[in-house]
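Please take a moment to look over the structure shown here before reading on. The report is meant for someone who is meeting it without earlier acquaintance.

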Amino acid sequence: MKHPEIEKRIKDLLGKMTLEEKVGQLHQAGGSIVGAFDLSLEEILTMVQDGRMTEEEAHKMISEAKRDWHEDDLRAGRIGSYLGLVGSEEMNRMQHIAVEETRLGIPLINGFDVIHGFRTITPIPLAESCAWDMDLWEHTARMSAEEAAAAGIHMTFSPMVDVSKDPRWGRIAESAGEDALLNGLYGEAKVKGYQTDDLARHDALAACVKHFAAYGAAEGGRDYNRVDMSPQRFEEEYLPSYERAVKAGARAVMPAFNDLSGVPCSVNKKLLTDILRKRWGFDGMTISDANAIAECINHGIAADRRDAARQALNAGMDMDMTSGCFLDHVKELVETDEVSMERLDEAVGDILRLKFELGLFDDPYRSDAEREKAAMLTPAHRALAREAARKSMVLLKNDGLLPLKEGLRIGLAGALASDGDEMCGTWAGIVQPGDCRSIRDGLEVEQISYDRVTEGPLPDCDVFLCAIGEGKNESGEAASRASLELRDEDIALLKRLKASGKPVVAVVFAGRPLCLGPAIECAGAILMAWHPGTEAGPAILDLLFGRANPSARLTAGFPAATGQCPSLYYDHIRTGRPAGKFKYTSKYLDAPVEPLFPFGFGLSYTDYQYSDISASQTKDGIHAEITVQNTGDRAGDEIVQCYFRDPVARRVRPVRKLAAFEKIALRPGESKRVSFDIPDTALGYFDPDMNFIIDDGLIEIHIGANARDTLRADVNFIRENQAPAANTSRP
Ligand code: GLC
């Protein structure tokens, strides 16, 4: 929402700015690598590609390299923002140049990827989404913002709300999984946590919703690949999560690298102007992804950098992240009227607005070294990271082995069991070596004796804890996989332990669903730990020893075979020949159709019984109820999930669609009547002519512990004076 005082200050300032100064505000600079080898990032990457340098060496060089923040360019008014400048003293030094040594003293805005923690790392978003807990998501975002803002960060490139239905895509790790509602709620909670209701607070961060839009639908699960879908599917399954996060008040949006049905998002006016600004009323700032404007040349949409700059700015892009296309070409584009001064002023105005809202003009130095040091990795932050990890790990199998009794002799197996640095996963902020506690660290802190499984004879123990899965670099950006099978050494280790006849608990670390068939065969219990962050080990032991009862539920289905991707997701359609025993039905010869573990699945140390489902139409939707009882002997949290199905419609509809959920605490024996109110708009969809409609007729309500195991109640849904909504603009 625009504030009159700020709008007046923007107008006054624009009136004073030269064309060059306006162009400078559009440019976000990165720090050039000027390490000992004085290599550019491109040269380093080339050396990695042709084998003259390992990825580890490159990562070490980049992370340790001194950076040149181009101070002369800053003094000349050619930089409006930085990417990745970390440290309050360094930020204050650069801010001082911007504020005191440039003609108009316009402050910098500093952006960084605070995705799941800054120094204290919480579970990766895919893990944390399995908590189905908006309060937790907001609290961990708040903690991240306290740490990052203290280190001189003003804006985070988060939340990522890309619906991710294909676990081959490495960035599913950064998402809230395969469902639109969950991704939207996750994004909304994160925006509130980062920004609070006062962006000028010294511990607030501006949120940047990304990647707009449908980046998670990359063909083949291969990162940066094309995205092509019907406008109906885009509007129903992919757009809602961005809309909810934007309408939660996010002050920035980042278009995605991919094209959307042929038009790259960076130059997609329908996305950046028609939907984002005109339909949703967004008045914040758009910022490209890294180098994405220049990459429109690779897409084959722009003839050169100048053409890319012209198309992006005219489509609705405000700030250019590091490509330099705007800095190099916008002045000339305006002088030749290929970009209007009005459009340029809009873009600069969006950027200045965010800087005013952050309070940077009146209060440009928001932190200092003392505050920065005090903010990091506090006991309270570690405690929250441990709580978040406990609530994010999903118990997938338990044949009675868990919870473990204290005093058992443990055989600890798998390299990931003792490597804390691998626990934080992708985009792990500024985590330092040694920050994160592995399972071994947890055992040692608690003085629980264990024997390490080595290549030699197996140790004499009562139970094996076997850590398997992916390291932190095997998911995230540019980390797609063509196979989701467990690695051979993990399978061999599981089989070796099973052959001992001793019980095996598999703890799986990963940034994505994997094919866990071998773990199901060899382990009596399986805990999906994902990449749980700083307090990985202690949280895992909390769950394995029953100090906490697992409550997390999957937000993405687990495949039995990679070939099931990408059509594994729960909200699939029936087809004309739903999978069945008859040969000529939609299935595979060599793999099941259903996931190994369905969306919404997760076990507890207690049991829950669902009964007495009811559903009825109300004046503006459907009211549904169900009774849930804790029939076990332990207290627990259950995530009651309410789905619906529209069995006869004017387009094929999903067999299930999550409409609502509620997380409830139940003591042993306790029952609760849980109710849901589904607005009729949630039942709507786009007809073949892109009219948004809500059908009359039967609506099935399915409520249960996951997308597969539900009770059903039917509603004969009749809306008065049904008329198609006005035709929405096509994406
Ligand atoms: C990356 C990612 C984006 C991130 C940006 C800045 O390429 O696509 O998510 O925010 O660059 O690091």
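What follows describes the division of the chain, the surroundings of the ligand and the enclosed spaces.

The model is a predicted one. Its chain is divided into domain 1, made of residues 1-31 together with 262-377, domain 2 with residues 33-67, domain 3 with residues 381-564 and domain 4 with residues 608-730. Between the C-alpha centres of domain 1 and domain 3 there is a distance of 43 Å.

The ligand is surrounded by 13 residues, and the closest of these are Asp113, Arg171, Lys210, His211 and Asp289. Sorted by class, this shell holds 7 nonpolar residues, 1 polar residue and 5 charged residues. Two of the closest residues also have a listed distance to a ligand oxygen: for Asp113, a polar side-chain atom lies 2.5 Å from an oxygen atom of the ligand, and for Lys210, the corresponding distance from a polar side-chain atom to an oxygen atom of the ligand is 2.8 Å. Glu477 takes part as well, with an N or O atom of its side chain placed 3.0 Å from an oxygen atom of the ligand. Considered alone, the ligand would expose 310 Å², and of that area the protein buries 92%.

Beyond the ligand site, a search of the whole structure finds 2 cavities of 30 Å³ or more. The table sets out their volumes and the classes of their lining residues.

| Cavity | Volume | Lining residues by class |
|---|---|---|
| Largest cavity | about 60 Å³ | 5 nonpolar, 5 polar, 1 charged |
| Second largest cavity | about 40 Å³ | 6 nonpolar, 2 polar, 3 charged |

Which residues line the largest cavity? The lining is formed by Ser88, Met91, Asn92, Ala149, Gly152, Ile153, His154, Pro364, Tyr365, Arg366 and Ser367. Helix H6, which spans residues 88-100, supplies the largest share of this lining, with 3 residues.

The second largest cavity has its own set of lining residues, namely Ser164, Lys165, Asp166, Pro167, Ile172, Glu178, Pro513, Ala556, Gly557, Leu568 and Tyr569. By class, these divide into 6 nonpolar, 2 polar and 3 charged residues, while the lining of the largest cavity has 5 nonpolar, 5 polar and 1 charged.

As for how such spaces are found in general, rolling a probe the size of a water molecule over the atoms shows where empty space is left.

Definitions and conventions:
Residues are numbered from 1 along each chain as its sequence is written. This is a predicted model: local features need pLDDT of at least 70, side-chain atom pairs count only at pLDDT 80 or more; totals for chains, interfaces and linings use all residues. Side-chain values use heavy atoms; hydrogens and water are left out. A residue is near a molecule or strand if one of its heavy atoms lies within 4 Å of it. A polar contact is a pair of N or O atoms within 3.5 Å; within protein, one must be able to donate a hydrogen and the other to accept it, and residues adjacent in sequence count only if both atoms are side-chain atoms. Accessible areas come from the Shrake-Rupley method with a 1.4 Å probe; for residues, only the protein chains shown count as cover. Ala, Val, Leu, Ile, Met, Phe, Trp, Tyr, Cys and Pro count as nonpolar, Asp, Glu, Lys and Arg as charged, and the others, Gly among them, as polar. Domain bounds come from an automatic or database domain assignment. On a 1 Å grid over the protein atoms alone, a cavity is a set of points where a 1.4 Å probe fits but cannot get out, and a pocket is an open set with protein on both sides within 12 Å along at least five of seven lines; lining residues have an atom within 4 Å of a point. Grid points are joined across faces, edges and corners, and a volume is the space filled by probe spheres set on the points. Helices (H or I, at least four residues) and strands (E, at least two) are DSSP runs, numbered from the N terminus.
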